[in-house]
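The following exercises concern charged pairs and a pocket. Please study the sequence and the structure before reading each solution.

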Amino acid sequence: MREFASDSPVEERVGEALRSADATVSLAESCTGGLAASLLTDVPGSSDYLDRSLVTYANDAKQDLLAVSREALDAHGAVSEPVARQMARGVRDTAGTTWGVSTTGIAGPTGGTDEKPVGTVFVGVAYGGPWGSETSTAAVERYRFEGSRLENKERFARAALDDLLAGIRERR
């Protein structure tokens, strides 16, 4: 789903695409701690399309604010495809936005496992189609980056915006 090449920063391209589609976005951020929303708000006029960003770092916050199921958290852990999918859908639906984006990962320098090493992130992107259209979707991508905690957080946030942009372009 990622897109890499362009002259303008991804946050500007996302803003242009959202405006062009008359769409809105909300974010559910765990490992990025609000960084994806910060990037979006670096663009003047982002209030036209950015509704909210929830930093749901703890499992309790994921349950309370996004309706992530205890079963998904228990069976797969917070850093997983099912949880990223539920986070993206949850923030989209609670905010009533066109798009919901989630990040859940392990920025490091500790906390990784053989199955989920440091630098692993799951990015969820959920689209909310018109009622009755049965076009709503949610996709999750898993990435692995190498770097310091701050470098990983930046890469995670940019990957989320890249995936959102790809999703918007697929809907055109």
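**Exercise 1: A salt bridge between two helices**

Glutamate 11 and arginine 158 form a salt bridge, with 2.9 Å between their closest N and O atoms. The model is predicted, so local features need pLDDT of at least 70 and side-chain atom pairs count only at pLDDT 80 or more, while totals for chains, interfaces and linings use all residues. Residues are numbered from 1 along each chain as its sequence is written, and side-chain values use heavy atoms, with hydrogens and water left out.

Task: State which parts of the chain glutamate 11 and arginine 158 tie together.

Solution.
1. The term salt bridge requires a side-chain nitrogen of Lys or Arg within 4 Å of a carboxyl oxygen of Asp or Glu.
2. Glutamate 11 belongs to helix 1 (residues 10-21) and arginine 158 to helix 6 (residues 149-171), so their pairing joins parts that are 147 residues apart in sequence. Helices here are DSSP runs (H or I, at least four residues), as are strands (E, at least two), numbered from the N terminus.
3. Glutamate 11 is buried, at 8% relative accessible area, whereas arginine 158 is partly exposed, at 27%. Buried means under 20% relative accessible area, exposed over 50%, and partly exposed in between (1.4 Å probe, protein chains only).
4. Glu11 and Arg158 also belong to a network of salt bridges that includes Glu154.

**Exercise 2: A pair involving a loop**

Task: Determine where aspartate 48 and arginine 19 lie, and whether aspartate 48 is buried or exposed.

Solution.
1. The closest N and O atoms of this salt bridge are 3.2 Å apart.
2. Aspartate 48 is in the loop between helix 2 (35-41) and strand 2 (50-55), and arginine 19 is in helix 1, so the pair connects parts 29 residues apart in sequence.
3. Aspartate 48 is exposed, with 53% relative accessibility, and arginine 19 is partly exposed, with 38%.

**Exercise 3: The largest pocket**

Task: Describe the volume and the lining of the largest pocket.

Solution.
1. On a 1 Å grid over the protein atoms alone, a pocket is an open set of points where a 1.4 Å probe fits, with protein on both sides within 12 Å along at least five of seven lines; lining residues have an atom within 4 Å of a point.
2. The volume, meaning the space filled by probe spheres set on the points, is about 260 Å³.
3. Of the 14 lining residues, Asp93, Gly128, Gly129, Trp131 and Ser136 lie nearest the centre of the pocket.
4. The lining comprises two nonpolar, nine polar and three charged residues. Ala, Val, Leu, Ile, Met, Phe, Trp, Tyr, Cys and Pro count as nonpolar, Asp, Glu, Lys and Arg as charged, and the others, Gly among them, as polar.
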